[in-house]
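Let's work through a fold together, one question at a time. Keep the picture open while you read.

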Amino acid sequence: MASFFILFSIFTMAGRPSHQVHQRKISLTSACPPSTQRADKLPSHAPVSGSVVSWLQRLWALRIIRSLRHRHRQGHWHRLDKVIPVPPEAARPDTMVDPSPLEEAVAKPLHINDLTTRLRLGKMFSKSTQLQAKNMHPFWFKAKGPVTPVSISTVLALEDLPALKAMADMWQGSISATIQIENNDGMGSGQTMEGLMRIHHAFEAAPILQQHVDLHIIVQPRGTKRTRLQAGRNLSRLFSRSQYVMHTPIHVLWLPNQAAVANDDTKRQLLDEGDALVVPTFAFPPNRHYQENPIDTFPTTKEEVINWVDEGQMGLGLMDYHWPLNAGPSNYQEWKTSDEPYMLGDFDYHYGPIYITTKENHPWCEERFEDQLPACVYTTYLNGAEFYVLNDVFVVRSGQEPENYLSYAERVLQDAMYKNFRIEQCAFFARQFDQHHLYSTERATHVKLECAKALQHEKIIHH
């Protein structure tokens, strides 16, 4: 009898409008909504037969009921178990269950960790399309080793797996990595499966990856693995299991061990107070013969870096995109002489360094852009974070990687959007601070300074 009432409730729920699904409490139909194309669905004007037998026959013939009958015969009630924790005796179809345990189970609130990943993402991002959730798989590999206080957050493609292994060897700590597989046919296609097997073999052959890397999968359209990175950045940060996150590109020649980053109370206090730590990046000038003569010698200590830069060895310098080497906001001269983290001087909205923040309590990367790391940094700055450049650690890159891989037309369009974004975010954060009575506090200082510069630059206000 209990099974009949469960089937009856499923039948009545299936007839509700689909746009109400995300507004209801978690149920079988919200977790596994029925197909919208059902040839056996009765038209709304069909007369209701007075015969109970004929009505039950029609109910018994519905596709969803046939599927449940099949699972019932095999003893597979896992769909119901995902939504309602049914007692063990209720899983046996030949056992009559007292309704009180079921009622208690339904009344008991579900914890988010009891939900499947897809259902949890569906509830968190109810406005997103189902296609995005189907093409996303967090923790396809989960690291076996302990979680370290600071984790790297990065985005890569299939051909970057050797770079991921090199990063794990140097970092020796937690990495939350999102790998983007290009395929227009989704997660279940043969080409995607080939990519997943390639990842599997790489992890099987590299214990260091198994030890430290949490790997998340995104399947996205062809031609976007190098250009559409904002969503991957957010996903890596969202599923990081560390308290602090270091936003890092996948291609580096050298980076410090995780134990050297945020390794004292002063750094951790800055992060816990909502500030950000910048890891300065040293790189070589662009070289069109780099593929024939890759860089295999580079400094690994601060003293060596200073000697290389001051002597002009191979042109090494402190790199900030949009500025010549040693001329960016990170300020090489101050890094050279500083014996403690120093505050960034004049902030610029094009600034996009490697930086560390807490996982929580900072804005997310704006996904209207394809690949715009400075947008992530800019909103963090407007939200009140001070940026401190670390004096004792650094990263070395080849300098041959462009800021992004967008085409010229895509870059022109994104730059135009970013100018509007600058003023838009000023107005947004100013309004937020005002509504929360924070506009007169120190936290709103960056909004006031940056908005004044933005409005003067666009000639909306005058000096």
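Q: In what order do the nine strands of the open sheet run?
A: This is a predicted model, and its open sheet of nine strands has mixed pairing. Strands of a sheet can pair either parallel or antiparallel. Reading across, you get S1-S4-S3-S2-S5-S10-S6-S11-S9.

Q: Which are the edge strands?
A: Look for strands that pair on one side only. That picks out strand S1 (136-141) and strand S9 (342-343).

Q: In which sense do S1 and strand S4 pair?
A: S4 covers residues 213-220, and three bridges link this strand to S1. Phe-141 stands opposite Leu-215 in S4. The sense of the S1 and S4 pairing is antiparallel.

Q: What angle does the direction of helix H9 make with that of S2?
A: Helix H9 (residues 161-171) packs on the sheet, where it touches S2, S3, S4 and S5. Compare the direction of H9 with that of strand S2 (150-157), and the angle is about 165°.

Q: Which cysteines does the disulfide join?
A: A search of the whole structure turns up one disulfide. A disulfide counts as sulfur atoms within 2.5 Å, and here S to S is 2.1 Å. The two partners are Cys-365 and Cys-376.

Q: How many residues apart in sequence are the parts that this pair ties together?
A: Cys-365 sits in the loop between strand S10 (354-358) and helix H16 (373-382), while Cys-376 is in helix H16 itself. So the pair ties together parts whose separation in sequence is 11 residues.

Q: Is Cys-376 buried or exposed?
A: Buried means under 20% relative accessible area. Cys-376 has 1% relative accessibility, so this cysteine counts as buried.

Key:
Residues numbered from 1 in each chain as written. Predicted model: local features only at pLDDT ≥ 70, side-chain atom pairs only at ≥ 80, totals over all residues. Heavy atoms only, no water. Helix = DSSP H or I, 4+ residues; strand = E, 2+ residues; numbered from the N terminus. Buried < 20%, exposed > 50% of the residue type's maximum accessible area, 1.4 Å probe, protein only. Pairing = 2+ DSSP bridges. Contact = heavy atoms within 4.5 Å. Axes fitted to C-alpha atoms, helices over the stretch in contact; angles between N-to-C directions.
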